[in-house]
Amino acid sequence: MTGPALPAEFLRKPLAHRGLHDAKAAGRPENSRAAVRAAVAQGYGVEIDVQLSRDGVAMVFHDDRLARMTGHRGKLCEHDAATLAGLALKDGDGEGIPRLGDLMAEIAGRAPVLIELKDQSGGRHLSDGRLEAAVADAVHGCGGPVAAMSFVPAAVMALAHAAPDLPRGLTTGRWTLRDAPRLGAVARAHLRAIRDFDSTGASFVSHDWRDLARAELATLKAQGVPILCWTLRSPREEAIARKTADGITFEGYLPTLPPKAPVGHGPA
């Protein structure tokens, strides 16, 4: 299975991890409209996370539980989208959890958007296809460079059915016991070796920058597969990662942007 190619904008523009967030100093919580607006305004792309509401809406939020970002108890999936949209994010300007569709409409194709689908199965790496269908619905007709990825190969497979024209990738890493406590050693070794790349129809990977020397990545890169990386937090880390990575995800500092393409002139 061969998936759609990753647009070149994802390699040209650094991606702000969960938006250009700075809750304490600037009132821009992670995965908030304010954080995404700031990233787009400064010329960066964005990487955002999605979880599924009780009524089947893709919501832009990282954790499966609400407490860290909202102060409310319980899981995001226990509430409908309207309730979640009304829960104010901590240290923000009062805005609630964004719906993916609303955020995509606001971005309106002005920046590359990389959407990470979070595991909806409690760490078991399963998918029932509902989040993938909700993401497909949210991005339909939005325009601009958009791609999606997940640590869960089953989710990437489900994306292939829900949104066959959407570029899709695998989020990958070292897969230690701490990373995936509900998976056995054999399953973690399988994921570590990136063995699901071909079967999922992935066209890129986004790998832990601390593990970019992995032989499997070198093999993929030699085949022309774009290698993104997560998550850089300083220019020093970026300099190391750039030796391997074609594109980067960052937070806590501002990477140098590529020069703007010259404006062409039509015939006189």
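**Exercise 1. Decide whether Ala 215 is buried or exposed in this predicted model.**

Solution. Start with the location: Ala 215 belongs to helix α10, which spans residues 215-222. Next, take its relative accessibility, which is 55%. The cut-off for exposed is over 50%, so Ala 215 counts as exposed. To place the residue further, look at Ala 193, which is 22 residues away along the chain. The C-alpha atoms of Ala 215 and Ala 193 are 8.9 Å apart.

**Exercise 2. Do the same for Ser 206, then list what it touches.**

Solution. Ser 206 sits in strand β7, residues 204-208. Its relative accessibility is 0%. Buried means under 20%, so Ser 206 counts as buried. Now for its contacts, leaving out residues up to four places away in sequence: Ser 206 touches Met 149, Leu 170, Thr 171, Thr 172, Leu 228, Cys 229 and Trp 230.

**Exercise 3. Work out how well helix α3 is covered and what its buried residues pack against.**

Solution. Helix α3 covers residues 33-41, and seven of its nine residues are buried. That makes the helix mostly covered. The buried ones are Arg 33, Ala 34, Ala 35, Val 36, Ala 38, Ala 39 and Val 40. Their packing partners are β1 (15-17), β2 and α6 (100-107). Follow the chain just past the helix and you meet Gly 43, which has a positive phi of about 95 degrees.

**Exercise 4. Find the cavities of 30 Å³ or more and describe their linings.**

Solution. Rolling a probe the size of a water molecule over the atoms shows where empty space is left. Two cavities reach 30 Å³ or more here.

Step one: the largest cavity holds about 60 Å³. Its lining consists of Phe 151, Pro 153, Leu 170, Thr 171, Thr 172, Trp 175, His 190, Leu 191, Ile 194, Arg 195 and Asp 196. Strand β6 (168-172) and helix α9 (185-192) each supply at least two of these residues, and β6 has the largest share with three. By class, six are nonpolar, three polar and two charged.

Step two: the second largest cavity has a volume of about 40 Å³. Arg 33, Val 36, Arg 37, Val 40, Leu 103, Glu 106, Ile 107 and Arg 110 line this space. The elements giving two or more residues are α3 and α6. Helix α3, familiar from the previous exercise, gives the most, with four residues. The lining divides into four nonpolar, no polar and four charged residues.

**Exercise 5. Describe the two largest pockets by volume, lining and residue class.**

Solution. Begin with the largest pocket, at about 1000 Å³. It is lined by 42 residues, and Lys 118, Asp 119, Gly 122, Gly 123 and His 125 lie nearest its centre. At least two lining residues come from each of β2 (45-52), β4 (113-117) and α7 (130-139). Of these elements, α7 has the largest share, three residues. Sorting the lining by class gives 13 nonpolar, 13 polar and 16 charged residues.

Then turn to the second largest pocket, with a volume of about 250 Å³. Of its 16 lining residues, His 17, Arg 18, Trp 230, Thr 231 and Arg 233 are closest to its centre. Strands β2 and β8 (227-232) are the elements that contribute two or more residues. Here the classes come out as four nonpolar, four polar and eight charged.

Definitions and conventions:
Residues numbered from 1 in each chain as written. Predicted model: local features only at pLDDT ≥ 70, side-chain atom pairs only at ≥ 80, totals over all residues. Heavy atoms only, no water. 1 Å grid on protein atoms, 1.4 Å probe; cavity = no way out; pocket = protein on both sides within 12 Å on 5 of 7 lines; lining within 4 Å. Points joined across faces, edges and corners; volume = space filled by probe spheres on them. Nonpolar A, V, L, I, M, F, W, Y, C, P; charged D, E, K, R; others polar. Buried < 20%, exposed > 50% of the residue type's maximum accessible area, 1.4 Å probe, protein only. Contact = heavy atoms within 4.5 Å.
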